[in-house]
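Reader: I'm new to this one. Could you walk me through it?

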Amino acid sequence: MMSSDALVFVIDDDQSMRKSLARLLDAAHYKTEMFTSASDFLLRSACAGPSCVIVDVKMPGLNGIAFQEFLIQHSRDEQLIFITAHGDIPMCAKAMKAGAVDFLPKPFKPNQLLESVERALARSTEQLFRASERDHARALLQRLTPREYEVMELVATGLLNKQVGGELGMAEKTVKTHRAHMMQKLRITSVAELMVILQKAEVTPPVRPGLRPDCIPSA
Amino acid sequence: MSWVTVIWWMSAGACLTLAFLQFVVWWRNRAAQANLAFSILAVAVAAFAALELALMQAETPEQLGTVARWIHVPAWVIVASLVAFVRLYLGAGRRWLAWTVIGARTLSLILNFVFSPNINYRQITPLRHISFLGESVSIPTGVPNPWMLVAQSSLLLLVIFVIDAAISVWRRGDRRRAVMVGGSIVFFAVTASAQSLAVTWQIISMPLTVSLFFQGLVAVVAWELSYDVVRAASLARRLQASEAGLREFEERVTLAADAARLGVWEFDTDTSRLWVSDKVRELFQFPREIEISYHEFQQRVHPDDRVARDQVAQNAIQNQTDYEIEYRVVLPDGKVRWMAGRGRCLPAGDGKSTRLLGVTMDITKRKQAEELFELATEASPSGTLLADDQGRIVLVNAHVEELFGYRRDELIGKTVEFLLPERFGASHGIDRSNFFGAPEARAMGEGRELFGRRKDGSEFPVEIGLNPIQTPHGLVVLASIVDISERLAAEEVARRSRQQVELLSRVSLLGEMTASLAHELNQPLAAIVNNATAATQYLEQGRLDAEQLREILADVVEDARRARDIMANVRSAIKKGAAIRGRINLNDVVKAITHMIQPDAIAHVCKIRTFLAPQLPLIEGDPIQIQQAVTNLVRNALDAMRDAPASRRIVEIATHYNGDGAIGVAVRDFGAGISEITRQRLFEQFFTTKEDGLGMGLAIVRSIVEAHGGTITADNAEGGGARFYFRLPVTAEVLA
C-alpha cells in the first residue's frame, strides 16, 4: 500500500461510472479527483507526489488515446490506466507501447483495477525518486567548469591523464589538477563513482576518442 | 442562114448550155455523178446534131459516108451516158443489161469502122438533094448494110434496160421519175431509131433528124434535173427552218444538260472525232476551243478505271448498245473526281458509220457520301447491318463478319432471319412486317432475350437496335447488333458482388450493433460491480454507514435499471427487426448508402450526387433503420428514372441542418414526378405504382421516420422529378 499522499485521477464522461470508481478507490484508501473530460484534467496543475490517471478511452472531445499522445508530446510522465467498454487489440497495443500501465476492458474486476493502480503508483513513486536523484546528480555536474567537464568526460571513457592531456592539448600536470577539482566537486574518489553519477543524471555516456563507431577499423 | 442551120445550131447550143450548167453542178458537188452523165449526154447530143448538119450539107457521097461513120461516135457516147445516167440518177437497172447495151453499142461502133463507108451503108451511090424546111439538103442513097441491125439492137436493148429500170423505180414508189425519165428515154429512143431506120432503108425521104429526138430527151431530162434543183431549194429552205428549230432545241437541251450538270459528247467512230460540250470541258478541265481526241479523254480517266471504261465504250460500239459506268478521273490539278457516264451507240444514216453519244455527270459528292457512309458503318463500334423492306441484307460491316463468322459476300442478299436461331426465324418474319407497318427507331425484341446464330451454329446473346431510314428506293432498316454476352456476364458478376456487399454491410452493421450494445451494457455493469466492491470494502473496514449504503444501493439500482432498459430496447429491436438506439451521423449514413448502392446506380446508368451539410449534429436512432429508410428512398428514385434519358438520371441526396433541432434529409430524382392521385396514397401500405412492387417501401420509410420522432413529405421538385424529405430530431444532449 502506497503512502496516503498518492493521488488517483479518474477521467470518464459517464457519471455513474465516475461515482462508482470514486467509491471503489475511496474504499481502497486512495485520494481521488474526478474529471468529466481530459481537457478538464489538463487544466489542473501537475501533481508533485505519486499519482496515476484512470482514463476512459471513448469520450467526447479528447479521447483517451489522443490524451496520451498529448501528454507524451508535452513530456508529462503521468502513469495511465485505460478503461474501455469496447477496446480493440490495435488500440490496446498502441496504448501499451506508448507506456500505459494497463488497458482494462469494462467490466473489469475491481481488484484488477486496484492492482493496476498500485502498480502505477509504484512506478510513479520510483519515477519521482529517479527524478530527484537525477536532479541531484545534475546539480553536482553543473558545478564543474567547462574545462573540468571536458576532462571528466574523457576520464569517464577510461583514458589515462596523459592521453587526456594529448586529446585536450594540455600538460599532464594540468589534467591532474582539473581531475582533482572535479573529483572534489562531485564528492567522489573513484571513476566508478563518477559513472554512477553520470547514470543517475541520465547524461548520454561519453564516447572514447578513437573508438567512435565510424572510426572502428574493419577486420 | 436557113432554118435547118438555125434549128440545128440552136439546139446544139441549147444542149451545150444545159451540159455546162449540169457540169457546174457536178463540179460543185462531186457526188452528183448523174449530173455529170447528163452533161456528157448533152455534149454528145450537141456533137451529134453538128454531125447531122454536116451530113445534110455533104457535097459528095464520100464526104457523106465519112460523116455518117463519125456520127456513130457521139451515138455511142449518147447510149453509154444514158445507161450511166439511168444507173446513177434512178439508182436502178440491171447491171448486166447495162453492160450488154454498152457492149452491143461498142460492137456496132467497131463494125462501123470495119465496114466501108460505114455500118449503115455498103455503098453510097449518088446523093440526092431534097428540099427540107425550105432548104436543099443531101440525103444518101445506097445499099443499106444488114449489120446495121447490131446498132439498132443495141438501142432495143437500151429500151429494155430503161423499161426494166423504170419498173423497179415505179415499184419503189417514185412513180413520177419512172414515168418522166423512163418514159421519155423509151419514147425518144424508139422514135429516134424508127426515124433512122426509115431514113437508112429509104422508106421515107428525109434527112436524118435523130439529134432532135435526143434533144427532146435532153430537154425532158434537163427539166427533171432542174425540178430536182427546185425541190432541193425548197428542201433547203425547209431544212433551214428546221435547223433553226433544231438549234433552238439544241440550246434547250444544252441548257437542260447544263442545269443538270450533264456533260454531253459525241464520238464518230469513222473519223474518230470527238465533240464535247463546254460542260464536259469544265468537268474534265480541258481548255476551250481545242479539239480533244478520244485518247486525251481516256488519259483523264483514273489508271485503275481506264481499261474498264474503254471496254464498255468499245463494247457498246460493237454491239450497238447502251452502257453505264462510274469511274474516276484525275484532273490536271491532281484532284480525283467521280463521274457517271452513260452512252448510246447510234447507227448513222447510211448504215455504215456509227456514232457514240454520251452524257457525263460529276457524282463525286454522292460517292463521297457513300464512302463516308461506308466508313461510318465500318467504324461503328457495333455490328451494323442494312436490310431492305424484304428483310434482305444489303450491307454489313466488318463487326458483323466478326460476330457471326460469315464473310460479307455470304450475307449480302440473304434475309436477316439467316442470322437468327431457327426458333426465332418464323416469328421474326411477322415482327418484321409489323415493323415496316409502323417504322420507328426501337430496340428489337423488347422484353425478351435475343440470340444471334453464328456460322458454326453456336448462339450468343445480342441486343439489336433498329432504325428505319427512308431512302428514294424505299424503306431500309439500319440494325446495330451488339454482342452482350460479356455485358451479361459482367452484370451477373456485379449482381453477385452487390449481394455480397449487402451481406457484408449487414454483417458489419450487426458487428457495430453488438459493439454498441456491449458498450451500452458494460457501462452500468462496471459501475454496479465497482459500487458493490466499494460497499464490501467499506463494510470490511467498518466505515459503512446507513446513509452511504443507501446511496450506493440507489446507484446500483439505477445502473441495473439502465441495463434492463438497454436489454428491453434490444429485445424490442430484435422483435421489430431493428430499433437499436445509437448516435448516428446522418452524413455517415448517406456516405455508406452512396457506397453500398453504387452497383445499383451503375446498373441503372445513374449518377448519385450528395450534398452534405458540414458539422451535422448527431441524432439518436437505429442506424440500420435509418439506413434502410434512406436506401428505400434512393432505390425508389432509381426506379423512377427507368424511362428518363440517361443524361437526366441523377439522384441527389442532401442533408440540411439549420440549427432548429431537426436534421433534414432530401432524396430527389429527375424522373416523371408524382401525380396528385399517387401523392395522396403514397405512404400507404400495399399501394404501389410499380408492376413488381409490394407497396411496402415507403410505408416502411414512414414508420421508421415516425418511430424516430420525425416527419416525411413528398413533392415534385423544381425542374421535374420527385423529392422526398424527412426530418429527424437532433439528440437532446447535443442541443443542451
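Author: Sure. This is a predicted model, and a good place to start is a pair of helices in chain A: α5(A) and α9(A) are oblique to each other.

Reader: What makes α5(A) and α9(A) oblique to each other?

Author: Look at the angle. α5 (residues 110-142) and α9 (residues 191-200) of chain A pack at about 120 degrees, and their axes are 7 Å apart. Roughly perpendicular covers 65 to 115 degrees and roughly antiparallel needs over 145, with the rest counted as oblique. The angle is about 120 degrees, so the pair is called oblique. As for handedness, the crossing of α5(A) and α9(A) is left-handed.

Reader: Which residues in α5(A) and α9(A) meet?

Author: From α5(A) you have Glu133(A), Arg134(A), Ala137(A), Leu140(A) and Leu141(A), and they meet Ile197(A), Leu198(A) and Lys200(A) in α9(A). That contact splits into five nonpolar residues, three charged and no polar.

Reader: Now for empty space. How many cavities of 30 Å³ or more does a search of the whole structure find?

Author: Four. The largest cavity holds about 370 Å³ of space.

Reader: What lines the largest cavity?

Author: There are 28 lining residues, and nearest the centre lie Phe48(B), Ile71(B), Asn120(B), Ser196(B) and Leu208(B). Several elements of chain B supply at least two lining residues each, among them α2 (33-56), β2 (135-144) and α8 (210-259). The largest share, five residues, comes from α7(B).

Reader: How does the lining of the largest cavity divide into nonpolar, polar and charged?

Author: The lining has 20 nonpolar residues, seven polar and one charged.

Notes. Residues are numbered from 1 along each chain as its sequence is written. Chains are lettered from A and ligands numbered from 1 in the order in which they are written. This is a predicted model: local features need pLDDT of at least 70, side-chain atom pairs count only at pLDDT 80 or more; totals for chains, interfaces and linings use all residues. Side-chain values use heavy atoms; hydrogens and water are left out. Axes are lines fitted to C-alpha atoms, for helices over the stretch in contact, and angles run from 0 to 180 degrees between N-to-C directions. Helices (H or I, at least four residues) and strands (E, at least two) are DSSP runs, numbered from the N terminus. Angles under 35 degrees count as roughly parallel, over 145 as roughly antiparallel, 65 to 115 as roughly perpendicular and the rest as oblique. A crossing is left-handed if the near helix is turned anticlockwise from the far one by less than a right angle, and right-handed if clockwise. Contact means heavy atoms within 4.5 Å. Ala, Val, Leu, Ile, Met, Phe, Trp, Tyr, Cys and Pro count as nonpolar, Asp, Glu, Lys and Arg as charged, and the others, Gly among them, as polar. On a 1 Å grid over the protein atoms alone, a cavity is a set of points where a 1.4 Å probe fits but cannot get out, and a pocket is an open set with protein on both sides within 12 Å along at least five of seven lines; lining residues have an atom within 4 Å of a point. Grid points are joined across faces, edges and corners, and a volume is the space filled by probe spheres set on the points.
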